[in-house]
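I opened this structure to look up how some of its helices and strands lie against one another. My notes follow in the order in which I made them.

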Amino acid sequence: MISIRNLRKSYGSNHVLHGIDMDVKAGEFVVMLGLSGAGKSTLLRCMNGLNQPDSGQLQVGGIDLMRRHSRRELARHVAMVFQHHNLVQRLSVRKNVLTGRLGQVGTLASVLQLFKQSDIALADACLQRVGLAHKADERTEALSGGQMQRVGIARALAQQPQLILADEPVASLDPKTARSVLQYLRDATRELGIAVVCNLHQVDYAREFGDRIVGLSQGRMVFDGVPAMLDEAALNAIYSGEPQPAGHTPEQGAALHLSSTAVGNWLPGAMSPATAAGGLQ
Amino acid sequence: MNSQSLKQTDRWQWTAGRPESTGGWLGYAAMALAIGWVLHWSAAGAQMSWSELAGGMPQIGDFLSRSVPPDWSMLPRLWAPALETIQIAIWGTLLSVILALPLSFIAASNLHGWHWLRRITRQFLNVIRSINELILALVFVSAVGLGPFPGVLALALHGMGMLAKFFAEAIEEIDDGPLQALRSAGASQLQIIAFGVVPQVITAWIAVVLYRFEVNLRSATVLGMVGAGGLGFELVSSLKLFRYQETATCILVITVMVIAADMASNWLRSRIQQGTRH
């Protein structure tokens, strides 16, 4: 499905990806873990052709993304789920899912709001999969955050892709909603045999939903294996790769200690009100 | 530390941003001086004189007293030009919308990467806007003759300059996320505009168009001065004949029309905001 060899990407002098090697098989649910800035989003955006890598090999669904390729062609293979769902608020729920078909229908007809009945039926079936068939005619802006992300998943499914890329799809959701959204994503993709690469910040979700976990640190892959292999040492490699500034951790400890003092007395004891207010300038 | 001791030492502190050094204060002082000088200079240039205004008050009073009561007997004569004004405003607005739409997509900075094309379009719009409607009307009167049609053309051209600028600004303010999602789904540029851009800007656009209609209604009344139809012709001829009571009637009719247009546009806007779903 995906084949990546020695992929490099830098923004100016800032090297984001230092030679990534990675393969994703059809139907696999891969979770990507790593600190913010480790290169997860960049890698995902490269896989979707939104970023152009500097060097290496990158093939997705048989399309060589290092060469010029057709955006519409790629959209037949790859769909994306965004952190902030990126729905068009003013369109109805069904219309938002239908926009997933845009790459595969004629421009003129769709601009005149004409869609084939099979496309509309597919959109409704995708909404059914995420449990929102009854919301099809509602305004998207009236939905909750979790429901919007489920519509985002339905839109990705409507592209009938072989691969869905999800960039921190549950980062702005509460734990219960997040789990249900991930459940919908995994069930739908598993039944349809769609591979998923999903960036997450929560290790327990990664263990729960991933067939395989990939750990990135400073643009390098530091872990690749099944959830059972993700032990303390692996987590250390993923999450403490960044050199910490000296004395940083003790300070954090002190801040934690202060926040646990009596409720209402939130001014640190050593700080007089005058110096605290001085900090406002 | 308990709340008692907090109260005792809790004094006011000024947290407004202010210069940190003497140099900073000097900079502020220089700026204040410069602003003062510009204000003084423009007051001299504009020959602002409150004493003359005060001295001229009786004349204004005289003018007003001669225009009351308004001459209602001419109302029937104003019907036709009033309707003509509305008709000019409708077509002037419609044509300017049609002309402005494609230009606004080119003039917006977030839809394409051809900077030179955008810059040329923006400058073209600036040039169009800088020409007064009355002057445009004069040009069109000489081209197509007297009557309301040159008025329509003048409003259409000037309105295009304004609407395209406002349309483009509305496009630049939209959320890019949905556009990314559509691009990622393989949508073409036209599909992105239809499904991502237009739904996000449509209410802002309608508000601008309704406002432009109001402006056109007002402008259409003065276009008559250069022979481009509408109420303006009656207004100017009554002024020239010193029939101020008739002038007052014309102004009242124009005011009523503008208020009615404002009410109608408010009603339309609230309807649209309640029920927009595509």
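I began with two helices of chain B, and I noted that α3(B) and α11(B) are roughly perpendicular to each other, because their axes cross at roughly 80° and angles of 65 to 115 degrees count as roughly perpendicular. I kept in mind throughout that this is a predicted model. Helix α3 of chain B covers residues 50-67 and helix α11 of chain B covers residues 244-274, and I found that their axes come within 7 Å.

Next I asked which residues of α3(B) and α11(B) meet. On the α3(B) side I listed B:F63, B:R66 and B:S67, and these meet B:Y244, B:Q245, B:T247 and B:A248 in α11(B). Sorted by class, the residues of this contact are three nonpolar, three polar and one charged.

I then turned to helix α5 (residues 115-130) and helix α7 (residues 148-172) of chain B, whose axes come within 8 Å and cross at roughly 135°. That angle makes α5(B) oblique to α7(B), and I recorded the crossing as left-handed. From α5(B), the residues B:L125, B:I128 and B:R129 take part in the contact, and among their partners in α7(B) I wrote down B:L157, B:M160 and B:K165. This contact of α5(B) with α7(B) has six nonpolar, two polar and two charged residues.

Last, I looked at chain A, where I found an open sheet of four strands in the order β2-β1-β4-β5, with antiparallel pairing. Its edge strands are β2 (14-24) and β5 (63-64), each of which pairs on one side only. Strand β1 (residues 2-11) pairs with β2(A) over eight bridges, and I noted that A:S10 has A:H15 in β2(A) as its bridge partner.

How values were computed:
Residues are numbered from 1 along each chain as its sequence is written. Chains are lettered from A and ligands numbered from 1 in the order in which they are written. This is a predicted model: local features need pLDDT of at least 70, side-chain atom pairs count only at pLDDT 80 or more; totals for chains, interfaces and linings use all residues. Axes are lines fitted to C-alpha atoms, for helices over the stretch in contact, and angles run from 0 to 180 degrees between N-to-C directions. Angles under 35 degrees count as roughly parallel, over 145 as roughly antiparallel, 65 to 115 as roughly perpendicular and the rest as oblique. A crossing is left-handed if the near helix is turned anticlockwise from the far one by less than a right angle, and right-handed if clockwise. Two residues are in contact if their C-beta atoms, placed from the backbone, lie within 7 Å. Ala, Val, Leu, Ile, Met, Phe, Trp, Tyr, Cys and Pro count as nonpolar, Asp, Glu, Lys and Arg as charged, and the others, Gly among them, as polar. Two strands pair if DSSP finds at least two bridges between them.
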